[in-house]
Amino acid sequence: MRSPTIIPRVTAPPRRAWYVVARSRDLKRQPLSVTLFGERWVLFRGGRTLGALEDRCPHRGAPLSLGKVRDGCLQCPYHGWRFDEGGACRRVPALVRPKLGQAHAARSRPVMERQGWVWMSGAEERPREDPPRLPGYGVEGFVTTEEVDDLPADLLAVAENILDVPHTSFLHGGLFRQEPSHLRRVTVTRERHRVQAEFHDEPIPGGILGRVLGGNSGTLVHRDAFLRPCLAVVEYGLGSRQLFIVNALTPTEAGRTRVWSRASLRAGALGPFLAWASRPIGRRVLAQDRKMLAAIRRDTGPMVSTEADLLRPHIRRLLADASDDRGTSSWSKTFELRL
């Protein structure tokens with residue numbers, strides 16, 4: 001019997017990468033304060049683009065998020081200094097002949113909108129690649145619901161929890177699955193930017209998920225994937241019905257992760273009703289996960305892992321390689337597990 005693997009200490013997510021910090025619909029005429037990697041930033045709609053500035057005026061440290069947008073610039077609430085989307089100071093009302101330079105500028109970060117989310121870089125440099133297209137969202141025939149929650153754990157622990165199948169039979173028993181009773185094959189494939197677990201010959205799950213997929217027979221498609229550095233994607237399919245659950249994970253403070261979740265369901269005429277009816281169950285599952293993540297004792301000794309913990313070592317490697325700007329080598333293996 002193979003010895004269990006000792007889980008190493010947490011690998012921090014890379015800074016030079018895109019993270020979701022807001023929903024587009026939440027950023028309107030007023031500036032919006034957000035947190036990323038323990039730092040406070042302010043988002044605002046300037047002229048034709050978005051701005052992401054440090055939530056601190058370089059003049060006297062006033063929170064810029066308390067200010068207003070004036071003539072395409074963010075105006076400080078204290079002395080009225082105005083900053084454009086790139087952080088350059090464009091106006092100091094008290095000066096008659098201002099000579100403004102880099103010393104008067106506010107720190108800025110690259111920021112962009114894609115598919116209804118606002119993404120910001122955790123570093124001054126723009127990430128090398130744009131965020132990926134998200135499955136299901138905005139596609140004809142799909143109904144999408146959204147949730148936002150804060151979980152008391154680091155990004156790696158949250159990603160593993162979302163994509164971990166074995167715990168669902170116990171922590172969420174009755175909502176998704178029963179206790180493990182059948183041997184199933186699972187193929188794990190790791191590529192440069194992602195790792196995916198594909199479950200073969202899986203029975204149709206019980207609980208609300210089975211009712212949403214709407215069938216007692218057929219071939220179930222089930223894939224769980226992590227796309228570095230922050231996307232955890234769950235896919236289910238049964239016949240013409242499809243369900244994508246996309247979770248964007250944002251490291252806000254040390255040991256805390258904000259989860260931006262979207263469930264996109266294609267189920268014909270019943271889609272809107274099923275999406276609405278399943279939201280309370282989804283919130284209950286999230287509450288159970290939150291409670292468990294808060295209760296886990298992380299600093300009392302090493303944790304061990306086995307082959308049943310399919311994705312954690314690969315997620316950790318993807319995060320570590322991204323931090324060092326390295327490409328991750330390809331890898332694939334099929335396991336037999338009791339699920």
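In this predicted model, Trp 276 is exposed, its relative accessible area being 61%. Since exposure begins over 50%, the value for Trp 276 places this residue in the exposed class. Trp 276 belongs to helix H3, which spans residues 271-295. Together with Leu 270 and Phe 273, Trp 276 makes up a nonpolar surface patch of about 380 Å².

Helix H3 also takes part in a charged pairing. Arg 279 in helix H3 forms a salt bridge with Glu 147, with an N to O distance of 2.9 Å. Glu 147 sits in strand S12 (residues 143-151), so this salt bridge links distant parts of the chain, the two residues being 132 apart. Both partners fall into the intermediate accessibility class: Glu 147 is partly exposed at 26%, and Arg 279 is partly exposed at 28%. In general terms, side chains of opposite charge can pair when their charged atoms come close.

The model holds 19 salt bridges in total, and two further examples are worth a closer look. One of them joins Arg 185 and Asp 201, whose closest N and O atoms are 3.5 Å apart. Here too the pair links distant parts of the chain, with Arg 185 in strand S13 (residues 183-190) and Asp 201 in the loop between strand S14 (194-200) and helix H2 (207-213), 16 residues apart. The partners belong to separate accessibility classes: Arg 185 is partly exposed, with a relative accessible area of 39%, whereas Asp 201 is exposed at 57%.

The other example connects the side chains of Arg 223 and Glu 235, which meet at 3.2 Å, N to O. Arg 223 is in strand S15 (residues 220-227) and Glu 235 in strand S16 (residues 231-238), so this salt bridge ties together parts that lie 12 residues apart in sequence. Arg 223 is partly exposed, with 26% relative accessible area; Glu 235 counts as buried because its 16% falls under the 20% limit. Salt bridges can also share partners, and in this way Arg 25, Glu 146 and Arg 262 are joined into one network.

Glu 146 reappears in the surroundings of Arg 23, a residue of strand S2 (residues 18-23). What is the accessibility of Arg 23? Its relative accessibility is 19%, and with buried meaning under 20%, Arg 23 therefore counts as buried. Apart from neighbours within four places in sequence, Arg 23 is in contact with Gly 116, Trp 117, Val 118, Glu 146, Val 148 and Trp 260. Within its own stretch of sequence, the side chain of Arg 23 makes a polar contact of 2.8 Å with that of Asp 26.

Turning to the strands, an open sheet of four runs in the order S6-S7-S8-S9, with antiparallel pairing. Which strands stand at the edges? They are strand S6 (68-70) and strand S9 (89-91); each has a single partner strand, so one side of each is left without a neighbour in the sheet. Strands S7 (residues 73-75) and S8 (residues 82-83) pair in the antiparallel sense over two bridges, and Gln 75 stands opposite Arg 82 in S8. As a general point, strands of a sheet pair through backbone hydrogen bonds, either parallel or antiparallel.

Note on methods. Residues numbered from 1 in each chain as written. Predicted model: local features only at pLDDT ≥ 70, side-chain atom pairs only at ≥ 80, totals over all residues. Heavy atoms only, no water. Buried < 20%, exposed > 50% of the residue type's maximum accessible area, 1.4 Å probe, protein only. Polar contact = N/O pair within 3.5 Å; in protein donor to acceptor, adjacent residues only side chain to side chain. Contact = heavy atoms within 4.5 Å. Patch = residues over 30% accessible without salt bridge, like charges linked within 9 Å, V, L, I, M, F, W, Y side chains within 5 Å. Areas by Shrake-Rupley, 256 points an atom, 1.4 Å probe, with all protein chains shown as cover. Salt bridge = Lys/Arg side-chain N within 4 Å of Asp/Glu carboxyl O. Pairing = 2+ DSSP bridges.
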